[in-house]
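Here is a short briefing on helix packing, one helix in its surroundings and one aromatic residue. Please keep the sequence and the model open while reading.

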Amino acid sequence: MISKPIIKLTILLLFTCFFQMQAQEVPYNGNPDTSFETARQLAFNQQRKQAQDTLVNILKKYPDYHDIRSFLASTYAWDGDYKKARKEFAYVIEKAPQNKENWIAAIKNESWSDAHYEALEMSKTALKIFPNNQEITLLKAAALKNTNNPLEAQSTVKDIIAKNPENQEAKEFLENLNSTLRTNTIGVRAAVDLYSKVFDPMQYYTLSYGKQTKYGSIIGKLNFSRRFNENGTQVEIDMYPKITKGLYAYVNLGFANTFLFPDLRYGAELYKSLPHSLEISAGFRTLQYSTTTTIYTGAIGWYTGNSYWSLRPYFTPGDGGTSTSAALNYRKYRRNADNYISLLFSMGISPEVNQFIFDANDAAIINLKTQRLNVGYFFTTAKDKNAWSAQFDLAHQEISFDPGNYFWIYSLTLSWDLRFK
C-alpha cells in the first residue's frame, strides 16, 4: 500500500508541473519592440539563452517580425547551433528575399558550419538578386577557396578589387590566398589487393603530376601494375576543362603495351550544375583490348550542408545484352573539400571502382557479380600543402573462370599529394 506522504508528494509534483506548463503557454502581450531591445541587450551580455527564450516568445505572436527572427538565427549561429539558425534564416529569406542582410548572415552561417558547398550555392543565388554586391561576392570567393577552386576564388576577388581598389577586406583576402595558392601537385598512390583464394596479391602504383589553370585542371599519370608475376605500365592523362558557367567536362586518354592494362582507354563526360545544389553528368568510358568495350555512365550528385551524395550507374552493351552496375557514394566534409570521410557501395563491375581488373581474356568481365564496400579518409596537413588519403576496400566477387563461385578481395590504398606554386 502506498503511504499518504508519498501520495501527497505525488499530487504536489503534478500540480507544480501543471502550473509550469500553464505559465509557459501564457501568450505574449508585451510591446515587441521593447522586448526585442531587451533581448538584444541580454544576447550581447552573454545571456543568450534568456534572450532566445524572449525572442521565441515574441515570434509566437508575431511570426513575421523578420528582424527578430533573423536576430534569433544569428544568436543560434553564434552558439554553434547552425541547424537551428539555418531553419530560421530559411524562413526569413523565403518571406523577404530582398533583405540583403539576411542573405549575408545565412551564408556566413553555412560557412561557419563548414557547409562550404551550401555557402557557395547560396551566394550564387543571392548574387542574382543583388548583382555585384561586394560583400556577398567576397563570401562567394571564400566558399570557392574552401571547395578547392582557388583560381576561381582569386579571379572573383580580383574583380572586386578592380571595381573598388579601396576594398581592404578583399585585398587582405587576396594576399592571404596568394600566399597559399598552389596550382601544381605531385602525387603518389599505392594499392594492394589480397585475395581469399586463387590469386596472389596484386600491386598498383601511380605517380602523377597535376596543374590547375583558369581553363581547368590537367593531370598526367604513370600507372604501374604487378599481377600474375608480370609487370606493366600505362600512361594516362585526365583533363577537366571549364566550358561555361556551371558546365565543365572530364576527358581521359590512356595508352599501354601490356595485357595488364587496356591497349587504349579513353572517355569523356559532361557535368552540369543545377539549382538546389544538384549536379548531373553523362558520358562514356572505352577500353580496348583484343576487343573493345564501351561503358556508358552518368551521375546525379547532391550537396546538402557539408554532405555529398552521388549515384552513378554503368551500362555496358554486349552480345548477351546490356549489363548494369551502380555505385552509391557518400562524403562527409569537414573544414574544406580536401578533408572528408567517404563511403562507397557498388554492385557489379565498373571501370571507376575496378580500374585494374580487366585483361585480354576477360573483355566481358563487367558481367561478373560483385558487391563492394569502400571506406576512405582524406585529410590535409601543413596549411593544405600535403594531402593524404587511406582507403579500405572489401569486395565479394564472382570468379571469371568459375561462374557461381566467389572470392573475397581485401584492398588497401594509400596516397600522398604535395602541392606547390
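H4 passes H5 in a left-handed crossing (the near helix is turned anticlockwise from the far one by less than a right angle). The model is predicted: local features need pLDDT of at least 70, side-chain atom pairs count only at pLDDT 80 or more, and totals for chains, interfaces and linings use all residues. Numbering starts from 1 along each chain as its sequence is written, and side-chain values use heavy atoms, without hydrogens and water.

**H4 and H5**
- The axes of H4 (residues 66-78) and H5 (residues 82-95) come within 8 Å and cross at roughly 155°.
- H4 and H5 are therefore roughly antiparallel (over 145 degrees).
- On the H4 side, the contact (heavy atoms within 4.5 Å) includes His66, Arg69 and Tyr76.
- On the H5 side, Tyr82, Glu88 and Lys95 are among the residues met.
- By class, this contact has nine nonpolar, three polar and four charged residues.

**H7**
- Helix H7 (residues 116-129) has 14 residues and reaches 20 Å from first to last C-alpha, close to the 20 Å expected at 1.5 Å a residue.
- Its buried residues (under 20% relative accessible area) include His116, Glu118, Met122 and Leu127.
- The buried residues of H7 pack against helices H6 and H8 and strands S8 and S10.

**Phe44**
- Phe44 is found in helix H2 (residues 32-44).
- Phe44 is partly exposed (from 20% to 50%), with a relative accessible area of 48%.
- Leaving out residues up to four places away in sequence, Phe44 touches Phe71 and Trp78.
- The C-alpha atoms of Phe44 and Thr75 are separated by 9.5 Å, at 31 residues apart along the chain.

Note on methods
Helix = DSSP H or I, 4+ residues; strand = E, 2+ residues; numbered from the N terminus. Buried < 20%, exposed > 50% of the residue type's maximum accessible area, 1.4 Å probe, protein only. Axes fitted to C-alpha atoms, helices over the stretch in contact; angles between N-to-C directions. Parallel < 35°, antiparallel > 145°, perpendicular 65-115°, else oblique. Nonpolar A, V, L, I, M, F, W, Y, C, P; charged D, E, K, R; others polar. Expected span 1.5 Å × (residues − 1).
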